[in-house]
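Q: Hi! Please pick one part of this model, look at it closely, and then follow the connections outward to the rest of the structure.

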Amino acid sequence: MILGDTVNPDAAQWGKPLQGVRILSLEQMQALPWATQLLSRLGAEVVKVEAPGTGDLGRSSQPAMTDPAGRSVGATFMRNNLNKRSLVINLKHPEGRKLVLALAPRFDVVAENFRAGAAERLGLAYADITAVHEPVVYLSISGFGRSVPEGTAASPYDGWPALASMVEAMSGAYEFKRRPDQPPVGSPMGGLGDIVTALFAVVGIQAGLRQRDRTGRGQQIDVAMLDAMVAVLDVVPNFWSMGNPMGTPWQGILHGFRAADGWFMLQVLRPHQWPEVARAIERPEWADDPRFATPHGWLDHMESDIRPAVESWAAGKTKYQASAALNAAGLVAGPCATDAEVVGDPHLAQRHMLVEHPRSDGVSQPVLIPGLPIKFGQVTEGPETRVPWLGEHTDEVLSQELGLDEQELMALRADGVIG
């Protein structure tokens with residue numbers, strides 16, 4: 001799917017689910033930008049507030065391309081900021097704060113992911129925004145929460161900076177399957193902590209808007225990254241409470257096996273599945289072998305018997321062929337795809353799950369950005385617009401929303417209030 005394409009154009013007459021929702025987002029890096037991009041794909045209008053000079057820190061991430069002015073546009077920024085307008089305001093300047101407070105009443109949602117205490121120091125916390133726009137839905141994303149609901153004690157980690165890898169570690173994700181003699185592996189899935197948090201933020205915003213429709217009252221929505229990770233990694237506290245702490249061997253087969261061209265995963269958790277495994281790997285005599293009667297027996301004989309047998313069976317097959325054969329036998333298996341295989345996956349092409357964003361620096365290979373994973377029968381997918389260049393829409397937004405004329409904009413820019 002190329003940027004600007006439309007899928008299901010006949011549904012355009014129905015509009016988008018969040019059409020009419022307006023979001024002013026004081027955001028950077030990944031968790032909040034990922035959330036607002038998803039909301040924009042669902043039809044919301046998003047104005048992104050960035051700092052003068054540097055803008056969103058994601059712009060300086062690597063790898064990167066350059067914009068038409070020669071400024072860096074990093075990979076983190078590229079994959080999180082389609083469909084937005086960029087408004088550059090110096091929030092540390094008193095007049096910059098006034099601009100945000102003047103803009104807020106024109107938006108349904110104000111969102112921020114500042115470090116702890118920064119919104120209060122800037123005069124842009126929930127209390128400051130509600131003073132000018134009482135029905136606002138105000139979203140805060142942080143590592144460890146903003147003490148919402150009122151009266152909740154501050155986290156013992158209050159003030160700690162939070163990146164995805166830190167909350168992933170604190171959630172138990174890195175210890176869950178770590179081998180005793182090996183150190184943890186950081187960020188095994190990229191910014192998982194950011195994206196998980198973003199998904200809960202999107203749910204929170206939509207629920208907050210629905211409640212405001214019903215009651216007329218806005219509120220603050222507080223999403224902590226550590227909370228989000230623990231919610232997703234629910235198996236850690238759940239298993240611990242049931243006497244199966246981390247380090248306990250997985251009771252079943254959840255292992256990678258080698259095929260002719262790489263690896264595939266096989267998951268078998270129930271004893272009644274074992275005969276299907278035995279027949280599929282051409283060891284039918286194992287179906288009634290007492291050594292393999294229980295999942296515990298599978299683990300005891302994994303390296304001595306099961307792995308050699310599975311990998312011998314798969315040696316003449318590709319990982320996709322091996323996976324297909326196991327699935328046909330009623331089991332659950334899947335190939336471990338390389339990056340090139342993901343990009344070339346026909347399923348993803350059919351589902352429009354890779355969006356080609358053209359580069360602005362003369363490189364022919366477009367930047368690939370994941371598409372919308374939610375498919376609607378009565379909603380168009382796309383068209384999407386490129387990421388905004390830094391400050392590209394500053395004058396447009398301030399003139400349209402606040403009625404500022406050219407002389408006023410020039411004065412604000414001369415004073416370092418806008419960029």
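A: Let's begin with the largest pocket, which holds about 920 Å³ of space. Of its 24 lining residues, the closest to the centre are Lys 177, Thr 248, Pro 249, Trp 250 and His 255. A pocket here is an open set of points on a 1 Å grid over the protein atoms alone, where a 1.4 Å probe fits and protein lies on both sides within 12 Å along at least five of seven lines; lining residues have an atom within 4 Å of a point. Grid points are joined across faces, edges and corners, and the volume is the space filled by probe spheres set on them.

Before going on, please keep in mind that this is a predicted model, in which local features need pLDDT of at least 70 and side-chain atom pairs count only at pLDDT 80 or more, while totals for chains, interfaces and linings use all residues. Residues are numbered from 1 along each chain as its sequence is written, and side-chain values use heavy atoms, with hydrogens and water left out.

Two elements lead outward from the pocket: S9 and H12 each supply at least two residues of its lining. (Helices, H or I of at least four residues, and strands, E of at least two, are DSSP runs numbered from the N terminus.) Both S9 (253–259) and H12 (302–314) also help cover the buried residues of H13, as do strand S10 (262–268), helix H10 (274–280), strand S11 (332–335) and helix H14 (339–343). In H13 itself, residues 319–328, the buried positions are Lys 319, Ala 322, Ser 323 and Leu 326. These four sit on the same side of H13, because they cover an arc of only 95° around its axis. The arc is taken from the directions that run from the helix axis to the C-beta atoms, and buried means under 20% relative accessible area, exposed over 50% and partly exposed in between, with a 1.4 Å probe and protein chains only. Just after H13, Gly 330 has a positive phi of about 90°.

Now for the sheet. Six strands form an open sheet in the order S5-S2-S1-S6-S7-S8, with parallel pairing. Its edges are strand S5 (84–88) and strand S8 (219–224), each of which pairs on one side only. From one strand to the next, the twist averages 20°. Two strands count as paired if DSSP finds at least two bridges between them. Strands S1 (residues 22–26) and S2 (residues 45–50) run parallel and are joined by five bridges, with Arg 22 partnered by Glu 45 in S2. S2 and S5 also run parallel and share five bridges, and here the partner of Val 47 is Arg 85 in S5.

S5 is an edge strand, yet five of its five residues are buried, so S5 is largely enclosed by the rest of the structure. Lys 84, Ser 86 and Val 88 point one way from S5, whereas Arg 85 and Leu 87 point the other way. In a regular strand the side chains alternate between the two faces of the sheet.

Part of the surroundings is helix H16 (residues 394–402), which lies across S1, S2 and S5 and runs at about 90° to S5. Axes are lines fitted to C-alpha atoms, for helices over the stretch in contact, and angles run from 0 to 180 degrees between N-to-C directions. H16 buries Thr 394, Val 397, Leu 398 and Glu 401. Seen down the axis, these residues fall within an arc of 90°, so they line one face of H16. They pack against S1, S2, S5, helix H3 (94–103) and H17. Gly 403, which follows H16, has a positive phi near 70°.

Gly 419 ties several of these pieces together. This residue lies in the segment after helix H17 (406–414) and, at 36% relative accessibility, counts as partly exposed. Leaving aside residues up to four places away in sequence, Gly 419 touches Val 88, Gly 391, Thr 394 and Arg 413, where contact means heavy atoms within 4.5 Å. Gly 419 and Val 88 are 331 residues apart along the chain, but their C-alpha atoms are separated by 5.0 Å.

As for the whole protein, there are 17 helices and 13 strands, and the C-alpha trace spans about 85 × 50 × 40 Å along its principal axes. Buried residues make up 43% of the 419. Among contacts between residues at least 6 apart in sequence, 69% join residues at least 24 apart.
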